[in-house]
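Got your viewer open and your selection box ready? Let's take a walk through this model, one selection at a time.

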Amino acid sequence: MTSIEATVDSLMGGLRADLERLASIPSIAFPGYPPEPVEEAHALVAALLRDAGVPRVERLDLPDTAPVVLGEIPPPEPGAPTVLLYAHYDVQPPGDVSLWKSPPFEPTPVEGGLRACGIADDKANVIAHLGMVRAYGGRPPVGVKLVIEGQEEYGSAFESHPPTDPERFACDAMVIADHGNIRPGTPTLATGLRGACEVVAEVRTLDEPRHSGEFGGAAPDALLVLLKALGTLHDVHGDVAVEGLRREDWTGTTYTEEEFRSLAGVREGVPLIGSGSLGERLWSGPAITVIGLDAPSVDHGVSAVVPYARARLNLRCHPRQDPREAQGRLVAHLRSLKPFGIPLTVRPGAAGPGYEAATGGPAYRAARTALKEAWGTEASYVATGGSIPLVNGLAKAAPGAEVLLFGAQDSMCNLHAPNERVLFSELRNTVVALCAFVREYAADFRRAGGGAA
Ligand SMILES: [Zn+2]
């Protein structure tokens, strides 16, 4: 066992206790929830970092967002690199509490870990950063900037802030620890995220509903027109059939079909849709999902031709495709259709860019070494599904920095769902990985003569 591992193992009892304290605070930064627990979690995180030896811990208040904890440890020597460590201390609301096997804000032991709301997403990763700082007695071999956000889950104005204050967020590499492993025990770097956009398609055919006995057969049903249009979005295999949406091979790892079926809760006998590898279907190819439909409900349906129908579509596109361009392709596709000669009104909605990490630099080299050291096996690459708007903001503030996405979560930890849990093995290994990462990265910088970025 390396000395890093021994040190981290000796810290785990304290880290677990701090995680339990943090996870027992219902820091839900959503409208309608009290602000006090958010403040309490903020204060606890700031105090833990201060006590761990972070010399500068500040509170960043911005309009319409919970306070951000900023911490800074200057580089130990001129020429040493600076690493920005990100996580968030707010959590999702617990949802239907009756679905929880224990109260969501009473951290409860489960096999190999703890169950609580937000314990994996993302409080364990806050604690992982803390663990790294503690392991080095507050003096890691790199400069450190800690950014612990307080309103990630609801969304906030913070994502647009870093580019307005680039000095403060300047770094050579950043670890966005709002992530974890594809499965426990498999160290995983998330290197991509698909772009996303929305499109609303609308059909109006009649002034108002008309008796289906008297008018049906000639008066056009708006819902049928819309459904015919939606039916053209995929081919017979379930692959997206809209032209101009980028799709490429996925070169990293992916779920087994069995893992994916179980994670997605796909019912027995129901096949998956699309063709090609799961990585290609989920991460390096497009997906179109109908996320909303305005139509008469089954229970309240009357014998009438439907005059109006509307659908909201969510499109996910290849990480390197401009989501506005992809959105334009979908809009053009829908506008070109005229089911029964009837045009649709199609409106583009919001769009957010994807992300693809450059994996050839020194920080990736150091991270691969570190993850292997921590988990004893080679790191895998995956993409992620959840959006991380802040990454784009941070990347704009520090355009030369390498961005690493890893952490103490795993795909089986029930994020944003009842009975969320985190495993001590993953937390412990994440702390080891962070320690090994900064050691490797600093050494690489020294070899390269410093200032490589
Ligand atoms: Zn999160």
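The stops below go from the domains to a sheet, a cavity and two single residues.

**Stop 1: the domains.** Before you start clicking, keep in mind that this is a predicted model. Colour residues 3-192 together with 355-447 as domain 1, and residues 195-247 together with 285-352 as domain 2, following the domain assignment of the protein. If you place a centre on the C-alpha atoms of domain 1 and another on those of domain 2, the two centres are 40 Å apart.

**Stop 2: strand β6.** Now select residues 143-149, which form β6. Is this strand buried or exposed? Seven of its seven residues are buried, so β6 is largely enclosed by the rest of the structure. Try showing the side chains: in a regular strand they alternate between the two faces of the sheet. In β6, Gly143, Lys145, Val147 and Glu149 belong to one side, Val144, Leu146 and Ile148 belong to the other, and both faces are covered.

**Stop 3: the neighbours of β6.** Add β2 (68-73) to your selection. β2 and β6 run antiparallel and are joined by five bridges. Next add β3, residues 82-88, which runs parallel to β6 and is joined to it by seven bridges. Which residue of β6 should you centre on here? Pick valine 147: it is the bridge partner of leucine 70, and it is also the bridge partner of tyrosine 86.

**Stop 4: on to β7 and β18.** Stay with tyrosine 86 and look across to isoleucine 176 in β7, which stands opposite it. β3 and β7 run parallel, with four bridges between them. Select residues 173-176 to see the whole of β7: Ala173 and Val175 point one way, Met174 and Ile176 point the other way, and all are buried. From isoleucine 176 you can step once more, to leucine 405 in β18, which stands opposite. β18 covers residues 402-405 and pairs with β7 in the parallel sense over four bridges.

**Stop 5: the cavity.** Rolling a probe the size of a water molecule over the atoms shows where empty space is left. How many cavities of 30 Å³ or more does the structure hold? It holds one, and the volume of the largest cavity is about 90 Å³. To bring up its lining, select Arg56, Glu58, Leu70, Gly71, Glu72, Lys145, Leu146, Val147 and Arg168. You will meet strands from earlier stops again: β2 and β6 each supply at least two residues of this lining, as does β1 (56-60). Colour the lining by class and you get five charged, three nonpolar and one polar residue.

**Stop 6: histidine 161.** Follow the chain onward from β6 into the loop that leads to α4 (166-169), and you will find histidine 161. This residue is buried because its relative accessible area is 13%, with the cut-off for buried being under 20%. Its contacts, leaving aside neighbours within four places in sequence, are Leu60, Leu62 and Phe169.

**Stop 7: isoleucine 127.** Finish in helix α3, residues 119-135, where isoleucine 127 is found. Its relative accessible area is 0%, so isoleucine 127 is buried. What does it touch? Not counting residues up to four places away in sequence, show Leu15, Asp18, Leu19, Leu22, Leu48 and Leu427 around it. For a last distance, draw a line from the C-alpha atom of isoleucine 127 to that of alanine 196: they are 69 residues apart along the chain and separated by 31 Å.

Terms used: Residues numbered from 1 in each chain as written. Predicted model: local features only at pLDDT ≥ 70, side-chain atom pairs only at ≥ 80, totals over all residues. Heavy atoms only, no water. 1 Å grid on protein atoms, 1.4 Å probe; cavity = no way out; pocket = protein on both sides within 12 Å on 5 of 7 lines; lining within 4 Å. Points joined across faces, edges and corners; volume = space filled by probe spheres on them. Nonpolar A, V, L, I, M, F, W, Y, C, P; charged D, E, K, R; others polar. Domains from an automatic or database assignment. Buried < 20%, exposed > 50% of the residue type's maximum accessible area, 1.4 Å probe, protein only. Contact = heavy atoms within 4.5 Å. Pairing = 2+ DSSP bridges.
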